[in-house]
Amino acid sequence: MHEESLTRSLLRQVDELARQNRATEVEEIEVECGPLSGVEPLLLQSAFERLQSSFGLTRSAKLAIREVGLEIVCLDCHAHSQLTEFHFVCPICDSTSLRVVRGDSLLLLDVRLTVPEAPRLEFVPKARNMTAQGAALGPNEARTLSPEQLRRDGISRVKIQGQIE
């Protein structure tokens, strides 16, 4: 079963992510599944329930599957559309020169972890310069935090986005 190998890979990645961040458990894993991904959501859920106990930190995790439609862009008129059927014709200009922009993959959207010793849940940037505690950020900046920084900064939930390998 194709979904079983995908689920095993997903659980392995999430379990490793949880260990790297010294999490005590994985609360929820959210994925996006499109109609051209080759993945059947019910079979993915079934495989998840069957395999999750094999990976320590995902034992009590919930799997949230967000099913998305098939989104395309027309290469002739540049219109963005959602196809309701597998009829690959632009609904605006009837062109068949299309590119799929969403709905052709299985994506890992979010992983919610429980990280111990983290009393507060927010990170508020104070300035753009370096401080004794680490790099402070402006409102539109981001940074990668090590597990030690997560605990030091008191962050107990981590949002991860990326493609399932």
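A residue is called buried under 20% relative accessible area, exposed over 50%, and partly exposed in between, with a 1.4 Å probe and protein chains only. Phe88 is partly exposed, because its relative accessible area is 33%.

The model on display is predicted: local features need pLDDT of at least 70, side-chain atom pairs count only at pLDDT 80 or more, and totals for chains, interfaces and linings use all residues. Residues are numbered from 1 along each chain as its sequence is written, and side-chain values use heavy atoms, with hydrogens and water left out.

**The sheet**

Select strands S3, S4 and S5; strands are DSSP runs (E, at least two residues), numbered from the N terminus. They form an open sheet in the order S4-S3-S5, with antiparallel pairing. S4 and S5 are the edge strands, each pairing on one side only. From one strand to the next, the twist averages 40°; the axes behind such angles are lines fitted to C-alpha atoms, and angles run from 0 to 180 degrees between N-to-C directions. Two strands count as paired if DSSP finds at least two bridges between them. Strands of a sheet pair through backbone hydrogen bonds.

**From S3 to its partners**

Next, select residues 70-74, which are strand S3. Four bridges join S3 to S4, and Ile72 has Ser81 in S4 as its bridge partner. On the other pairing, S3 and S5 are antiparallel over four bridges; here Cys74 has Leu98 in S5 as its bridge partner.

Move to His78, in the hairpin of S3 and S4, where five residues lie between the strands. His78 takes a positive phi near 65°.

Then colour the two faces of S4: Ser81 and Leu83 belong to the covered face, whereas His80 and Gln82 belong to the uncovered one. In a regular strand, side chains alternate between the two faces of the sheet.

**The aromatic pair and the patch**

Select Phe88 again, in the loop between S4 (80-83) and S5 (98-102). Which residue forms an aromatic pair with Phe88? The partner is Phe86, in a stacked pair at 6.4 Å centre to centre, with 15° between the planes. Rings of Phe, Tyr and Trp (its six-membered ring) pair if their centres lie within 6.5 Å; planes under 30 degrees apart count as stacked, over 60 as edge-to-face, and the rest as tilted. The structure holds one aromatic pair. Phe86 counts as exposed, because its relative accessibility is 54%.

Finally, add Leu36 to the selection: Leu36, Phe86 and Phe88 make a nonpolar surface patch of about 280 Å². Patches are made of residues with over 30% relative accessible area and no salt bridge; like charges are joined within 9 Å, and nonpolar side chains (Val, Leu, Ile, Met, Phe, Trp, Tyr) within 5 Å. A salt bridge is a side-chain nitrogen of Lys or Arg within 4 Å of a carboxyl oxygen of Asp or Glu.

Definitions and conventions: Areas by Shrake-Rupley, 256 points an atom, 1.4 Å probe, with all protein chains shown as cover.
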